[in-house]
Amino acid sequence: MRRTTRFVLATLLAVFSLASLGTPASAAETPSFRKYVALGDSYTAGPLIPWQQASWCFRSNNNYPAWLATKLGLYYRSGAFTDVSCSSADTTNMLSPQTVPSPSLALGSVPPQFDALTLDTDLVTIGIGGNDYGVFGSLIGTCPELRDDDPTGSPCKDHFTINGTDTLLAALKNTQRNLERVVKGVRERSPAATIVLVGYPRIAPSKGYCPSVLPFADGDYAWADEVERALNKAVSTAARKQGARYVDTYGPSNGHDACAGDAAWVSGKDTNLFRAVAYHPYAAGMKAEADLIFKALGGTTATSTEAPDARNASTPAELQRKAAAAGLVPRT
């Protein structure tokens with residue numbers, strides 16, 4: 001009887017959701033959602049973007065889920081917005097607890113992200129996949145170290161090419177399948193939800209180099225960009241195959257890469273305790289991504305100018321201690 005009741009409720013919620021999607025929001029309207037859950041990794045969480053929540057996940061109150069929630073009128077509504085994104089997360093952490101702040105440094109644990117999903121969740125954003133098989137960490141951890149070996153060549157690409165196979169590009173085929181399973185898992189738990197997969201913004205410029213900011217060998221710029229485009233293709237293909245929406249942040253971030261100076265949406269090699277972790281989004285990038293998602297849902301950037309607040313934020317001293325313990329900044 002309980003299973004029957006849950007099935008009927010799920011069906012009614014799904015019908016309601018489909019009916020609400022039948023009439024797209026006009027340019028002057030705000031998309032209507034009641035319960036929004038954000039899932040994702042560090043590119044969703046926003047490590048070291050003020051204000052940082054008191055969590056080993058290094059989650060910001062100024063990440064794109066928080067900005068999107070304010071635009072949707074959900075941020076200040078009790079129980080309407082839940083953000084469980086966590087730095088270092090990969091797709092396995094949808095179903096399994098995550099060791100934080102990283103698998104190699106066990107200072108705590110957080111529940112599986114799917115635990116936040118409920119039958120009445122009607123909007124889910126997912127920004128995950130870059131950490132699967134260590135693809136992102138391999139790029140930013142290895143390429144700068146190899147630059148001096150061949151500054152004008154492609155030593156990082158050569159390093160990851162084994163027997164003629166680019167191992168990072170090959171791994172992304174499995175990432176796509178993982179992402180498809182994530183979408184299926186969300187739909188099982190929240191059948192009425194609009195599911196949005198969010199892509200990754202551009203890190204390397206379309207042309208030129210900035211080794212003082214992005215210390216890759218010249219030939220590795222184009223290769224790193226190829227890997228990122230393949231990652232975004234894995235995300236978009238998973239969305240298409242599973243009937244979810246995909247929001248492209250790579251295309252709109254052209255001219256906002258790590259080399260773009262004040263216009264950058266993502267940082268380069270330097271970590272700033274009160275701005276961003278190296279190779280991760282700035283607040284400006286997060287706000288821009290929230291605008292893109294909001295538009296994809298039928299809204300306009302002018303609909304809401306409200307900003308997230310600093311709830312549950314760490315003090316600067318607490319953040320300094322946590323960041324040092326996690327190895328994000330030097331100990332003082």
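Helices, as named in this tour, are DSSP runs of H or I with at least four residues, numbered from the N terminus, and by that naming K241 sits in helix α7. The model you have open is predicted, which is worth keeping in mind at each stop.

**Colour by confidence**

Begin by colouring the chain by pLDDT, whose average over the chain is 91, with 89% of the residues scoring at least 70. Then select helix α1, residues 2-21, where confidence is lowest at a mean of 40, and set beside it strand β5, residues 123-127, where confidence is highest at 99. If you widen the first selection to residues 1-28, you have a stretch in which the pLDDT is below 50, and which has 19 contacts in the model beyond near neighbours in sequence.

**The positive patch**

Next, show the surface and select K173, R177, R181, K184, K233, R240 and K241, which gather there in a patch of positive charge. Which helices supply at least two residues each to the positive patch? They are α6, spanning 167-189, and α7, spanning 218-241. The largest share, four residues, comes from α6, while K241, the residue with which this tour opened, belongs to α7.

**A salt bridge between distant parts of the chain**

The structure holds eight salt bridges, and one of them deserves a selection of its own: D122 with R34, whose closest N and O atoms are 3.3 Å apart. Follow the backbone from each partner and you will find D122 in the loop between β4 (105-110) and β5, and R34 in the loop between α1 and β1 (36-40), so that the pair, 88 residues apart, links distant parts of the chain.

**Backbone geometry**

For the last stops, display the backbone atoms, bearing in mind that most peptide bonds are trans and that most residues other than glycine have a negative phi.

- Select P50 and W51: the peptide bond from P50 to W51 is cis, with omega near -5 degrees, and W51 lies in the loop between α2 (42-45) and α3 (64-71).
- Move on to V100 and P101, which are joined by a cis peptide bond with an omega of about 5 degrees; here P101 is placed in a strand, β3, which covers residues 98-102.
- Finish at Y133, a residue other than glycine whose phi is positive, near 60 degrees, and which you will find in the loop between β5 and α4 (135-146).

Conventions
Residues are numbered from 1 along each chain as its sequence is written. This is a predicted model: local features need pLDDT of at least 70, side-chain atom pairs count only at pLDDT 80 or more; totals for chains, interfaces and linings use all residues. Side-chain values use heavy atoms; hydrogens and water are left out. pLDDT is the predictor's confidence in each residue, from 0 to 100. Contact means heavy atoms within 4.5 Å. Patches are made of residues with over 30% relative accessible area and no salt bridge: like charges are joined within 9 Å, nonpolar side chains (Val, Leu, Ile, Met, Phe, Trp, Tyr) within 5 Å. Accessible areas come from the Shrake-Rupley method with a 1.4 Å probe; for residues, only the protein chains shown count as cover. A salt bridge is a side-chain nitrogen of Lys or Arg within 4 Å of a carboxyl oxygen of Asp or Glu. Lys and Arg count as positive and Asp and Glu as negative; His and the chain ends are not counted. The place of a charge is taken as NZ of Lys, CZ of Arg, CG of Asp or CD of Glu.
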